[in-house]
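Work through the exercises below with the sequence and the model open. Try each task before you read its solution.

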Amino acid sequence: MNRIVVVSNRVPLPEKGAQAGGLATALQPLLEREGGVWFGWSGSISAKAAEEGTRISHAGRVTYATMALTKAEHDGYYANFANGVLWPLFHSLPEMMRYDRSDAETYFATNARFADTLLPLLQDGDLVWVHDYHFLPLAGLLRARGVANPIGFFLHIPFPSAELLALAPPAGKLIAGLLQADVIGFQTSADLGNFAAAATTLAGARQIAAELLEIDGRRVRLGVFPAEIDAEDFAADALRAARSPTVERLRRSLGGQCLILGVDRLDPTKGLVQRLAGYRRFLETETGWHRRVTFLQIAPVSRQDVASYQTLRAELSQAAGEINSECGDPDWTPLRLITKGGPRATLAGYMRAARVGLVTPLRDGMNLVAKEYVAAQDPRDPGVLVLSRFAGAARQLDAALLVNPNDPDAIAEAITRALAMDLRERQTRWRAMWQAVAESSPLDWGLGFLRLLQQSPGKRAGGIAPALAPRGKPLIPIHTSSNAIN
Ligand code: GDG
């Protein structure tokens, strides 16, 4: 395999420790094994971002290359356009979108600066793998700078219908840039179908086969690559953590009550407000379960620089407070809402302790938490997964209790059914889901994509323009991190 260069907005710098987020969960195992370069935003904002250049650090076989953003870039590119327009629109929540032309301009200009900064790091033969909605135009911008390497793009979030996408004024330009990639990957076949329709109606591509487009005489391969977890590894973590003092403390605090668990970044697409409404409905209708259940929702705050995320945090705290004050008792708190994250292994242990896993996003590209919940269960006494039918994961985990997350009654009924489910049905459902999560891994996922990229018909001869980066030019370490991943 040629050298892999991953491009994603956030880079999991080792010194920052584990963070909540599916992209890193999916990609890290691949890069740690295969080695390569991981390029993106450092997470810093600096007035001198453009002059500061690239910060390089190494851990294990991975070279991390990051750049800072200016405040204007951060606001326009990241907070306002990527997260204020593309994120809600791609999750079919157009009413949340706040469009301003100057933000779109900053998004394209910042993508151009990412392209300029990446250029000297590229070597002949590198496989460039770009991730997610922050970088829709990047392939086109790299081509405009003479990059002839194979370029792949993977979208972690859903792809909306062409009608919805057209609500973003630069939709055609975004798709045209993306079509300069050789391989474009999606979580589900529905996302792929939506993209193919948008590429033909908004950017003049021609669909010549189910997974093949043609534009300007070039071919672009499309593919479905559902993001995966390492199920065996997660199961082992869960088993170990279940005996840890932290998880034991949680178990003791429950005093024999059944645990219902949710773990999601605090994000409007995760359906948290609707989930609390469903739980409230359950408490109102199923009084026989009072004092016999506790719902623990772990919702690490995320994107607090985006206004709608701050509003959501306040809304959720209020709904949680109301549930406890109106449905609770002096000796029973039905809901615990925790907005700080925790170590991955501890979460795995909590998942194993939970009788019900509630994963009810309004829409989700895949949702790795659903897969992790399945992996964490004790096969002899597994819990029940309640899953939104609008998560990509529902296609593989159709043995879960599937719900419409917009319907509080449906959530309440599913909770009741999950709590009452007999052991035999729990085991049968769990076995079907375990098979689905254990049959693949993040490595299979990543290598599957990269193999297709390596043989892609759109691959150009040679690498990048030699004048731009001499063959074999080494990366110059500006800063070397002492943190190594072992
Ligand atoms: C995007 C797409 C797609 C959560 N809290 C903590 C923590 N997590 C971990 C979970 C899981 C990951 O973060 C979240 O992954 P999801 O897939 O559920 O969601 P997104 O972050 O929205 O991911 C999604 C994914 O990309 C991959 O393609 O599935 O659809 O939206 O692994 O366990 N990890 C730690 N502390 C926490 O508090 N360490």
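**Exercise 1. A charged pair**

Task: Find the residue that forms a salt bridge with Asp-126, and say why the pair ties together parts of the chain that are distant in sequence.

Solution:
- Start with the partner. Asp-126 forms a salt bridge with Arg-3. Their closest N and O atoms are 2.8 Å apart.
- Check the rule. The cut-off is 4 Å between a side-chain nitrogen of Lys or Arg and a carboxyl oxygen of Asp or Glu, and 2.8 Å is the value for this pair.
- Place both residues. Asp-126 sits in the loop between α4 (101-118) and β5 (127-131), and Arg-3 in the segment before β1 (4-10), so the pair links parts that are 123 residues apart in sequence.
- Put the pair in context. The structure, a predicted model, holds 28 salt bridges.

**Exercise 2. Two domains**

Task: Describe how domain 1 and domain 2 meet, starting from their bounds.

Solution:
- Read the bounds. Domain 1 is assigned 4-227 + 441-481, and domain 2 is assigned 231-438.
- Count the contact residues. Domain 1 supplies 24 residues and domain 2 supplies 22.
- Take the distance. The C-alpha centres of the two domains lie 31 Å apart.
- Take the area. About 1,700 Å² is buried between domain 1 and domain 2. Carbon and sulfur atoms give 66% of that area.
- Look for charge pairs. Zero salt bridges are found across the interface of domain 1 and domain 2.
- Look for polar contacts. Eight residue pairs are in polar contact across this interface.
- Name the elements on the side of domain 1. Those giving two or more residues are α1 (22-34), α3 (71-90) and α8 (189-203). α3 gives the most, with five residues.
- Sort the residues on that side of domain 1. They divide into 13 nonpolar, 11 polar and no charged.

**Exercise 3. The ligand**

Task: Which residues come nearest to the ligand, and which polar atoms face its oxygen atoms?

Solution:
- List the nearest. Of the 26 residues around the ligand, these are His-156, Gly-342, Asp-364, Leu-368 and Glu-372.
- Turn to side chains. An N or O atom in the side chain of Arg-265 is 2.9 Å from a ligand oxygen. For a polar side-chain atom of Lys-270, the distance to a ligand oxygen is 3.0 Å.
- Turn to the backbone. A polar backbone atom of Gly-365 is 3.1 Å from an oxygen atom of the ligand.

**Exercise 4. One leucine**

Task: Where is Leu-443, and what does Leu-443 touch beyond four places away in sequence?

Solution:
- Place the residue. Leu-443 belongs to helix α17 (residues 442-454).
- List the contacts. Leu-443 touches Pro-29, Leu-30, Arg-33 and Gly-448.
- Compare sequence with space. Leu-443 and Leu-401 are 42 residues apart in sequence. Their C-alpha atoms are 28 Å apart.

Terms used
Residues numbered from 1 in each chain as written. Predicted model: local features only at pLDDT ≥ 70, side-chain atom pairs only at ≥ 80, totals over all residues. Heavy atoms only, no water. Domains from an automatic or database assignment. Contact = heavy atoms within 4.5 Å. Buried area = accessible area lost by both parts, 1.4 Å probe. Polar contact = N/O pair within 3.5 Å; in protein donor to acceptor, adjacent residues only side chain to side chain. Helix = DSSP H or I, 4+ residues; strand = E, 2+ residues; numbered from the N terminus. Nonpolar A, V, L, I, M, F, W, Y, C, P; charged D, E, K, R; others polar. Near = heavy atom within 4 Å.
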